[in-house]
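Let's take a quick tour of how some helices and strands pack together here. Have the sequence and the 3D view open as you read.

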Amino acid sequence: YGVPHIYAQDHYDVFFVQGFNAARDRLWQIDLWRKRGLGELSSVLGDEYVAQDSAARLFLYRDDMYTEWLAYGNDAKKITQAFTAGINAFVTLTEKQPELLPPEFDLLGYKPDLWQPEDVVSIRSNGLWRNVTTEVWRAQLACQNQLELAAQWKQLEPSWTTEVPQGLDPCVIPDDVLDKYILAKAPVVFDQAVATAIALQDEGDHSLGSNNWVVAPQRTATGRPILADDPHRGHATPSLRYIAHLVGPGIDVIGAGEPALPGISIGHNQQIAFGLTIFPIDQEDLYVYEKTPEGYRYQGGSEPFIEIVETIKVKADTSQEVTLRFTRHGPVVAETETHAFVVRAAWLEPGMSPYFGSIEYMRAQNWREFEASLNRWGAPAENQVYADIEGNIGYKPAGRFPVRANWDGLMPVPGNGRFEWQGFFDMDVLPVEYNPERGFTGTANSMNLPPDYPINDYKIGFEWSSPWRYKRLWEVLETQDKHRITDSIDLQRDYTSVLARRILAQLPKLATQPEGALLTEWDHVLHPDSAAAALYNVWY
């Protein structure tokens, strides 16, 4: 089935071979990812990519590497050294045997680069980031005195009303304020000018998320727990996921990760299983600064911008220098004559490389070790479900969680010092379930905080995906006393629309309308060959 099973007599040799084999299978993919993330596309694709390279470099991790490596675990650096050495071993082999190179390199006329261990964790623009775009959207509505419309279009959960932060003039924020932010995250495009990559990004639709669940032994046909994970990501060739089985002293784990990362983030070892979906903690803010002749206004004085001049190598051309600007809060993404704008992101802090935290929990042997390892998980924030061979099940979200003492994170804020993060919350303030009485648990990116959660004290975030898949998940699992693997497979492929059922129930005269009977007799299942499903979707 194309899944490598890797065996080694040394713990770290496992990761060396994982890197070698990922390069053997996916070298062009991971080389392109690396170039995109580090801002080095221009070196092989030409000057059309300078703007994208410059944007990507704004969002690299630039802090202390000692703190960075320790944030993931005691041997994170050693694992990554072994993994990148494996990639480099295959790259070196292609120099002797060029027939091993994927054809894309010949088509585009360049060769793969060697990796440094720091490359794996320095790239931060490859995560599923969110919220700053809706902050700007609300500011645009507030500028038109229509902020109340935002809550009608995007419901805040738990119930919440946001206000324009004190001192913010939302009308000073330009329409293109996030162009660099969006471009930094954009994919590489080849068939048109890279500037259009901004238009290709869909920043507004968070309705298509993921599912995961876990069922306790007393509710399964086999008397063993069943865990399912169904992370909805876009189809791509090559795939985002890379499946492998890693076996060596102190490790025996199989499942999916990403080809440019060591380890496994979704899968199981010989004792526990684990699966993740997005838990939308608000990890971003847009800061708005009033500019001064010396820099920007802060706490009654003025601070200078931090400027870093970098050289971008350009294919078949002279190199270009770019000046990157930063403030105490992060990278400057836009400027006008009077104001500067910065994206402050928790994911630029130590220990926040996307999905890299899994190298700690994939080796956990029980719930205590698994829950403890999630204290190291930084980004993106995730719902983690758990099962083990002793029959225990659990749920725990994890992610770096900034303390905003005097605002809710839903609008841009002045960068003058009034709105500062007061550090980060301990993971203990996030909800947790271990062997719940109902006998199952699960998530689908929708609002799943307990009804009594103290949201005023811990403003996790208020922007969740729609609840319909979550409701369908609960609806099915509540009725299955003898859940089977096939039931989990069916649930992953389930096309029943709770939303359609709810909407059509609100239309009492539906049956009297032309074609209305088609919908009143419909089972609300979105079968691809269903005329009613097609009619409903066109109407909706």
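Two strands count as paired if DSSP finds at least two bridges between them. Keep in mind that this is a predicted model. With that settled, take β7 (residues 272-278) and β15 (residues 382-388): they pair in the antiparallel sense over seven bridges. For a spot to zoom in on, T277 has N383 of β15 as its bridge partner.

That pair sits inside an open sheet of eight strands with mixed pairing, ordered β1-β4-β5-β6-β7-β15-β16-β20. At the edges you'll find β1 (5-7) and β20 (433-434), each pairing on one side only.

Now for the helices. α1 lies across β1, β4 and β5, and runs at about 155° to β4. How do α1 and α5 cross? Their axes come within 7 Å, at roughly 50°. Angles from 35 to 65 degrees fall outside the roughly parallel and roughly perpendicular classes, so the two helices are oblique to each other. The crossing is right-handed.

Here's who does the touching:

| Helix | Residues in the contact |
|---|---|
| α1 | Y12, F15, F16, Q18, G19, F20, A23, R24, L27, I30 |
| α5 | K78, I79, A82, F83, A85, G86, I87, A89, F90, V91, L93, T94 |

By residue type, this contact of α1 with α5 splits into 16 nonpolar, four polar and two charged. If you want to find the helices along the chain, α1 spans residues 11-38 and α5 spans residues 76-96.

Methods:
Residues numbered from 1 in each chain as written. Predicted model: local features only at pLDDT ≥ 70, side-chain atom pairs only at ≥ 80, totals over all residues. Heavy atoms only, no water. Axes fitted to C-alpha atoms, helices over the stretch in contact; angles between N-to-C directions. Helix = DSSP H or I, 4+ residues; strand = E, 2+ residues; numbered from the N terminus. Parallel < 35°, antiparallel > 145°, perpendicular 65-115°, else oblique. Left-handed = near helix turned anticlockwise from the far one by under 90°. Contact = heavy atoms within 4.5 Å. Nonpolar A, V, L, I, M, F, W, Y, C, P; charged D, E, K, R; others polar.
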